Amino acid sequence: MVIGGPVKVSLNVKLSSTDADMVVKLIDVRPDGYQMLVRGDVMPMRFRKSFEKPQAVRPGEPTLVQFTMNDVYHVLKPGHKLMVQVQSSWYPLFAMNPQKFLKNPYLAEAKDYTSCEVTIVPGESYVELQVL
């Protein structure tokens, strides 16, 4: 199977806090179990509607975040599987999110950091890609 082009992501999530990062990874899993990253991207929830006007998330309410990952061109050989992973941090590759909406998260102090439970709403989230 050959996949190519942009990767569209639509996640419907509930957060226990007011901000988090959504990391989506496409991984080629070989028959021997080796996992190779094909594409990965990060979307801070604060920018889900606009990069110019960040917004806090309402804790406990389903929140839709949609974004397009960079194009991919990858061949999945026979016996390989495509795995999708969703996580809320990719530290240290991407700056640590305090998990709380701040005007400028880069000025966060130790007291600003909190834990955040992330729940993906079942059946309402997907990754869309083109099979060539």
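The following paragraphs describe the fold, the nonpolar core and a surface patch of a predicted model.

Residues are numbered from 1 along each chain as its sequence is written. Local features in this predicted model need pLDDT of at least 70 and side-chain atom pairs count only at pLDDT 80 or more, whereas totals for chains, interfaces and linings use all residues, and side-chain values use heavy atoms, with hydrogens and water left out.

The chain contains 0 helices and 7 strands, where helices (H or I, at least four residues) and strands (E, at least two) are DSSP runs numbered from the N terminus. The C-alpha atoms fill a box of roughly 50 × 25 × 25 Å along the principal axes. Of the 132 residues, 36% count as buried, that is, under 20% relative accessible area with a 1.4 Å probe and protein chains only, exposed being over 50% and partly exposed in between.

The largest nonpolar core (buried Ala, Val, Leu, Ile, Met, Phe, Trp, Tyr and Cys residues joined through side-chain atoms within 4.5 Å) has 19 residues, and those with the most contacts inside it include Leu11, Leu15 and Met22. Strands E1 (2-15), E2 (21-29), E3 (35-44) and E4 each supply at least two residues of this core, and E1 gives the most, with 6 residues. With contact meaning heavy atoms within 4.5 Å, and residues up to four places away in sequence not counted, Leu15 touches Met22, Met45 and Cys116, among others.

Val75 lies in strand E4 (residues 63-75) and is partly exposed, with a relative accessible area of 41%.
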